[in-house]
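Colleague: Could you walk me through this one? I would like to hear the reasoning behind each label.

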Amino acid sequence: MIISGIVKSSFVDYPGLISAVLFAPGCNYNCFYCHNRQLLSGPQEEISLDYIYKFLDSRRGLIDAVVITGGEPTLQKDLIPFLHKIKSLGFKLKLDTNGSKPNVVENILKENIVDYFAVDYKAPKSRYPSVAGCSITAEPVLKTINLLLESDTDFEARTTLFPGLSGEDIFQMAKEMPVLPRYVLNRYRKPENYLPGDLEKINSIPLSQSEISAIVKKIREYQPNICF
Ligand code: SF4
């Protein structure tokens with residue numbers, strides 16, 4: 001398992017808990033609005049696992065949880081043993097994923113080691129490859145979401161409201177997904193690093209607060225547990 005970044009204490013990455021956040025490098029998507037672009041092409045820096053385990057051991061009783069994020073953690077072949085090791089230290093575990101590897105999520109669910117998942121649902125089906133910046137479709141992501149629903153494990157799906165995502169897109173996405181226990185709309189923040197060709201998209205104006213509020217009202221019929 002390769003970890004390239006660590007946030008030692010976070011109040012926002014695990015709902016209701018204080019967590020440490022570990023960043024796994026590499027991703028099979030290339031979202032233009034990615035905030036971790038430095039991690040996409042693989043490890044720039046590798047933090048030793050020994051350091052991470054010692055650090056977490058020293059934080060027992062001070063933090064509640066560990067969040068594994070990326071990049072895309074499910075691309076790493078030794079993710080499951082790593083999750084077991086962290087779990088053995090006594091922390092709650094959250095895994096952030098783009099949902100493209102339902103087989104990996106299914107294997108993790110069999111191990112019953114992750115307490116909370118966050119799955120990105122990035123765009124309506126018709127726009128998925130262009131938004132994800134690769135040939136991926138929405139189908140594996142929907143499969144991941146359905147596996148989580150069937151498993152009874154706590155999870156949320158979430159969508160970043162990037163510039164260019166319309167109210168109609170969000171409405172469509174809300175209908176495409178099964179009813180979720182929690183659906184989070186995340187406000188767009190301009191990333192510091194982006195591809196030069198994406199400058200125009202990055203600087204475009206996202207939906208306003210009032211536009212989002214109107215959409216949220218409209219999609220409650222399909223996603224009653226929406227949070228914004
Ligand atoms: S899935 Fe996440 S880590 Fe991967 S490119 Fe998109 S925003 Fe970045």
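Colleague: How many helices and strands are there in the protein?

Modeller: Happy to help. This is a predicted model, and the protein has eight helices and eight strands.

Colleague: What makes the protein as compact as a globular protein of that length?

Modeller: The globule rule gives 17 Å for 228 residues, and the radius of gyration is 17 Å, close to that value, so the protein is as compact as a globular protein of that length. Along the principal axes, the C-alpha trace spans about 45 × 40 × 30 Å.

Colleague: Which residues have the most contacts inside the largest nonpolar core?

Modeller: They are Leu22, Val66, Leu93, Phe117 and Val119, in a core of 54 residues. Strand β2, residues 17-24, gives the most to this core, with five residues. In the protein as a whole, 35% of the 228 residues count as buried.

Colleague: Which residues does Leu93 touch, not counting those up to four places away in sequence?

Modeller: Leu93 touches Ala65, Val66, Leu83, Ile86, Lys87, Ile113, Val114 and Asp115.

Colleague: Why does Glu72 count as the charged residue of the shell around the ligand?

Modeller: The residues around the ligand are Cys27, Tyr29, Asn30, Cys31, Cys34, Asn36, Leu40, Gly70, Gly71, Glu72 and Asn98. Glu counts as charged, so Glu72 is the one charged residue of this shell. The shell also has five nonpolar and five polar residues.

Colleague: And what share of contacts between residues at least 6 apart in sequence join residues at least 24 apart?

Modeller: That share is 74% in the protein.

Definitions and conventions: Residues numbered from 1 in each chain as written. Predicted model: local features only at pLDDT ≥ 70, side-chain atom pairs only at ≥ 80, totals over all residues. Near = placed C-beta within 6 Å. Helix = DSSP H or I, 4+ residues; strand = E, 2+ residues; numbered from the N terminus. Rg over C-alpha atoms; globule rule 2.2 N^0.38 Å. Buried ≥ 20, exposed ≤ 12 C-beta atoms within 10 Å, placed from the backbone. Contact = placed C-beta atoms within 7 Å. Core = buried A, V, L, I, M, F, W, Y, C linked by C-beta atoms within 7 Å.
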